[in-house]
Amino acid sequence: MSRLIVISNRVQAPQPGTGGGAQGGLAVALNAALAEEDGIWFGWSGDTSDNRELRFQTYGGVTSAVMDLSEQDVEEYYDGYANRTLWPLFHYRLDLTEFERDFQGGYERVNRVFGERIGPHIEPDDLVWVHDYHMIPLGWVLRQQGITNRIGFFLHIPWPPRRLLTALPDHRRLVEALFAYDVVGFQNEEWLDSFFNYVKEEMDGTVDGNNVTVGGRTICAISCPIGIEAKDFIAGAAGPVARAAQLNQLESAVGRSLIVGVDRLDYSKGLPERFAGYERFLQNHPDRRALVYLLQIAPPSRTAVQTYRDIRNNLEQMSGRINGAYADTDWVPIRYVNKGYPREVLAGIYRAARIGLVTPLRDGMNLVAKEYVAAQDPRDPGVLILSRFAGAAQQLSVGALMINPYSAEDIADGIDKALRMPRAERIDRWQAMIENVVEEDVIWWRKRFIDALSAETQ
Ligand code: GDG
């Protein structure tokens, strides 16, 4: 039986002392496959030092192998090319994208070191699965070492339109690196189409179904939307921890409807636009102001990057201003919280919320939308308000209220409509969504990708 090898920037193998419950769906799904097949998960330790040795550890049936990066590596590869160049560019934010040759140099250097360290541990029948924008050239580095295994790549973020991508110096070099893989997966058809378009227009390539050929080399490019651990999430949302969190919110709500947002603090998530849309609702409906409140949970991320500090300052100002302008002695319109909560607590909060407000300006998928749906009480579900620019829109537009996150009016109207929505309609809409969330869950996603990767012929 072939082993599975997973390679990603951060390793989420089980750790001693942390319960499995701390893990997200992706980690659970990959770890289950790794444990079954004696696989290994490779990546960055998250620490900085000049030690470039891989450190192996086996725990909970899963072997992980991590390596430290130097401070310069982290600056150029992680904070630099990954998070100041590729992340904003791939999220259509050319205005925030920084182009530095040192970043690209560091990115290629770190990928080369990773590939050279990992290469010797790959056995002939292993299936190799590389994840995300930090690691695009890794497959190419492995090929340089003569590794002929099946190697797949999955991109968790959007693939940008061709005309945006061509703003990246050396864009073609980055895309060419993808042709070292056998299978390349995207979150939805839209990103896949953008990839096809680039290949045709910029590389003189041909596309035949899922087969993409450039200069005699054919790879398989697929749409493979990621899901959540739906069954567990549903069970967790009805469990005791979630129940306590739900009751806690309902008690502090007393007759008010909770609107919830949960996002990593990131400019791609459309948080200022969300606050502006909510403010517009408050302006438009003075009589219903005190009947709602917005709870925004936003744990900080990538704090070394200036644009992330800027968005944080911006949101502090906005929430302060809105609260100052509208609050009353017994009501605050926005509760804005910069910390994370256990998954079961989040599930309970989702369940207590009449509205899940998910308004990214661009998002590869957005798992919060799916978690919100999974956490609802089937007899009295809340309403998902979803950005048309989230990857999840393709699967969830059957039941969500779709909005344009750039329009404060659209968001305000969505909130109004959701609050007025009769229970029968809420149930109908929810049923259409939950079917998809359960069917196309994270195990379905893993299987779809691995099946494509194991296919002998393309
Ligand atoms: C990237 C892509 C794609 C958030 N706050 C807390 C917490 N979270 C969890 C959520 C959810 C996850 O983090 C966030 O996932 P998203 O999909 O919403 O967004 P990204 O982090 O940007 O993920 C995205 C994803 O990769 C997978 O391919 O969907 O498009 O950008 O699961 O629940 N979890 C806990 N406490 C928190 O306070 N425990």
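Which residue in strand 2 is the bridge partner of Arg10? In this predicted model, the residue of strand 2 that forms the bridge with Arg10 is Trp44. The two strands concerned, strand 1 (residues 4-10) and strand 2 (residues 40-48), run parallel and are joined by 4 bridges. Helix 1 (residues 25-36) packs on the sheet, where it touches strand 1, strand 2 and strand 4 (62-69), and the direction of helix 1 makes about 145° with that of strand 1.

Strands 1, 2 and 4 belong to an open sheet of 10 strands, in which the pairing is mixed and the order is 3-4-2-1-5-6-7-10-9-8. The edges of this sheet are occupied by strand 3 (55-59) and strand 8 (206-208), and because each of these has a single partner strand, one side of each is left without a neighbour in the sheet. From one strand to the next, the twist averages 25°.

With respect to the chain as a whole, 17 helices and 16 strands are found. The radius of gyration of the chain is 22 Å, which is close to the 23 Å given by the globule rule for 458 residues, and the chain is therefore as compact as a globular protein of that length. Along the principal axes, the C-alpha atoms of the chain fill a box of roughly 70 × 45 × 45 Å. Of the 458 residues in the chain, 49% are buried. Among contacts in the chain with a separation of 6 or more, 75% are accounted for by residues 24 or more positions apart.

How values were computed:
Residues numbered from 1 in each chain as written. Predicted model: local features only at pLDDT ≥ 70, side-chain atom pairs only at ≥ 80, totals over all residues. Rg over C-alpha atoms; globule rule 2.2 N^0.38 Å. Buried ≥ 20, exposed ≤ 12 C-beta atoms within 10 Å, placed from the backbone. Contact = placed C-beta atoms within 7 Å. Pairing = 2+ DSSP bridges. Axes fitted to C-alpha atoms, helices over the stretch in contact; angles between N-to-C directions.
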